[in-house]
Structure formats: structure tokens, C-alpha cells
Amino acid sequence: MADTELKRWPLKLAQTLGYSVRFNRETQQAFCVLEMGDLQRNPRGSIHRGITATMLDTAGGLTASLSENPDSVMPAPTITLTINYVSAVASGRSRAVGRVTGGGRKTKFADCELRDEAHALIATSTGVFKLLPDQRAGGGK
């Protein structure tokens with residue numbers, strides 16, 4: 001099954017920071033994809049670590065949500081997020097991928113990796129996410 005671009009919430013922040021969010025219902029994984037530009041660079045010329053953290057957080061939360069219900073994305077606020085910065089990237093495409101490692105019906109644990117287009121590891125994260133039913137009309141469970 002091909003990746004699908006997510007165009008609903010929580011994408012306002014992703015759009016502002018310049019990355020797209022995709023997901024694969026079959027593998028129940030979310031992906032954040034960034035094509036590096038001047039907006040995402042820190043003063044030293046590499047990706048700003050705040051953007052790295054946001055991409056890892058987004059991929060983890062959405063992956064946690066998809067693992068509970070692959071047909072509907074529900075809010076999954078972050079309870080904790082630990083990030084390990086491994087290397088810097090200054091150009092090209094970066095991709096964050098989430099993977100659920102445990103949890104129950106209301107709380108999920110997810111690991112994420114951010115890699116550059118040569119598959120070099122940029123950062124990893126471990127997070128805990130709280131699943132909340134989407135209260136908006138037509139959303140969630």
C-alpha cells in the first residue's frame with residue numbers, strides 16, 4: 001500500500017515548518033518528510049534541532065494513533081519525549097519514521113528515527129503518547 005499524505009490536523013505546524021506528513025495504514029506508521037531549506041537551518045547551517053524534535057514528536061504521536069485505529073487519526077498528546085541527536089544534516093531530504101513498541105488502549109510507546117536521504121542517522125527518539133478520542137464531528141472513534 002502506498003503512503004498517503006495527511007492533509008488534516010495537526011498539519012498547521014508542519015506546514016509552517018515546511019515538512020509534510022504521510023502515513024501508511026498497512027504498516028500503521030507515520031512519516032514526516034522535510035526538504036531542507038533556509039527556514040529549517042540553524043546559524044551553523046544544519047537542521048535546527050527544534051525542527052528535528054517536532055518531526056520526531058509528530059511521527060511518534062501519529063504512529064501511536066494509527067496503531068490503535070488505522071482508519072482514523074485521533075489526537076495523541078505527548079506525555080514524554082526523549083531525543084538523542086546523533087549527527088547534523090545541512091541539505092537534502094530528511095525523513096522521520098515512527099514505530100510503536102508497546103502500550104495499551106490509552107497509552108502508546110513509540111520509537112522514531114530521523115534519517116537523511118543517504119539513510120544516515122540524524123536523531124532518535126522514544127516517546128509516550130496518550131490516545132484521546134477525537135471529539136470533532138466525523139473524527140476519531
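**Entry 1. Confidence and overall layout**

I began with confidence: the protein chain averages a pLDDT of 84, and 86% of the residues score at least 70. The model is predicted, and I kept that in view throughout. I then looked for the weak stretch and found it at residues 136-141, where pLDDT stays under 50. For that stretch the model has nine contacts beyond four places in sequence. Where pLDDT is low, the predicted coordinates should not be read in detail. I therefore did not interpret those nine contacts further.

Next I listed the secondary structure and noted two helices and seven strands in the protein chain. Along the sequence I read the pattern β-α-β-β-α-β-β-β-β. Of the 141 residues in the protein chain, 43% are buried. I also looked up the sequence range of the contacts. Among those between residues at least 6 apart in sequence, 58% join residues at least 24 apart.

**Entry 2. Strand pairing around S5**

I asked which strands pair with S5. Strand S3 (residues 29-35) pairs with strand S5 (residues 93-103) in the antiparallel sense, over five bridges. S5 also pairs in the antiparallel sense with strand S6 (residues 107-116), here over nine bridges. The connection from S5 to S6 is a hairpin of three residues.

I followed one row of bridge partners through these strands. Val 33 has Arg 95 of S5 as its bridge partner, and Arg 95 in turn has Arg 115 of S6.

**Entry 3. Salt bridges**

How many salt bridges does the structure hold? I found four, and I recorded three of them in detail, beginning with Arg 93 and Glu 35, whose side chains meet at 3.2 Å, N to O. Arg 93 lies in strand S5 and Glu 35 in strand S3, so this pair ties together parts that are 58 residues apart in sequence. I noted Arg 93 as partly exposed, with a relative accessible area of 43%, and Glu 35 as partly exposed as well, at 44%.

The second entry is the salt bridge between the side chains of Glu 68 and Lys 108, at 3.5 Å, N to O. This pair links distant parts of the chain, with Glu 68 in helix H2 and Lys 108 in strand S6, 40 residues apart. Is Lys 108 buried or exposed? At 10% relative accessibility, Lys 108 counts as buried, because the cut-off is under 20%.

The third entry is the salt bridge between the side chains of Asp 111 and Arg 99, at 3.5 Å, N to O. Asp 111 is in strand S6 and Arg 99 in strand S5, so the pair ties together parts twelve residues apart in sequence. Asp 111 is partly exposed at 24% relative accessibility, and Arg 99 is partly exposed at 47%.

**Entry 4. Nonpolar cores**

I then turned to the interior. In soluble globular proteins, nonpolar side chains tend to be buried together. Here the largest nonpolar core has 23 residues, and those with the most contacts inside it are Tyr 19, Cys 32, Leu 34, Met 55 and Ala 96. The elements that give two or more residues to this core are helix H1 (11-17), S2, S3, H2, S6 and strand S7 (121-130). H2 supplies the largest share, six residues.

I looked up the surroundings of Leu 34. Leaving aside neighbours within four places in sequence, its contacts include Leu 17, Tyr 19, Ile 47, Ile 51, Met 55 and Arg 93. A second, separate core has six residues, among them Met 74, Ala 76, Ala 110 and Phe 129.

**Entry 5. Two buried residues**

I checked Ala 64, which lies in helix H2 (residues 49-68). Ala 64 is buried, with a relative accessible area of 0%. Beyond four places in sequence, Ala 64 is in contact with Val 100, Lys 108, Phe 129 and Leu 131. I also took the C-alpha to C-alpha distance from Ala 64 to Gly 103: the two are 39 residues apart in sequence and 9.2 Å apart in space.

Last, I checked Asn 24, which has its place in strand S2 (residues 19-24). Asn 24 is buried, with a relative accessible area of 7%. Which backbone atom lies 3.1 Å from a polar atom of the Asn 24 side chain? I identified the backbone nitrogen of Thr 27.

Conventions
Residues are numbered from 1 along each chain as its sequence is written. This is a predicted model: local features need pLDDT of at least 70, side-chain atom pairs count only at pLDDT 80 or more; totals for chains, interfaces and linings use all residues. Side-chain values use heavy atoms; hydrogens and water are left out. Two strands pair if DSSP finds at least two bridges between them. Helices (H or I, at least four residues) and strands (E, at least two) are DSSP runs, numbered from the N terminus. Buried means under 20% relative accessible area, exposed over 50%, partly exposed in between (1.4 Å probe, protein chains only). A polar contact is a pair of N or O atoms within 3.5 Å; within protein, one must be able to donate a hydrogen and the other to accept it, and residues adjacent in sequence count only if both atoms are side-chain atoms. Contact means heavy atoms within 4.5 Å. pLDDT is the predictor's confidence in each residue, from 0 to 100. A nonpolar core is a set of buried Ala, Val, Leu, Ile, Met, Phe, Trp, Tyr and Cys residues joined through side-chain atoms within 4.5 Å.
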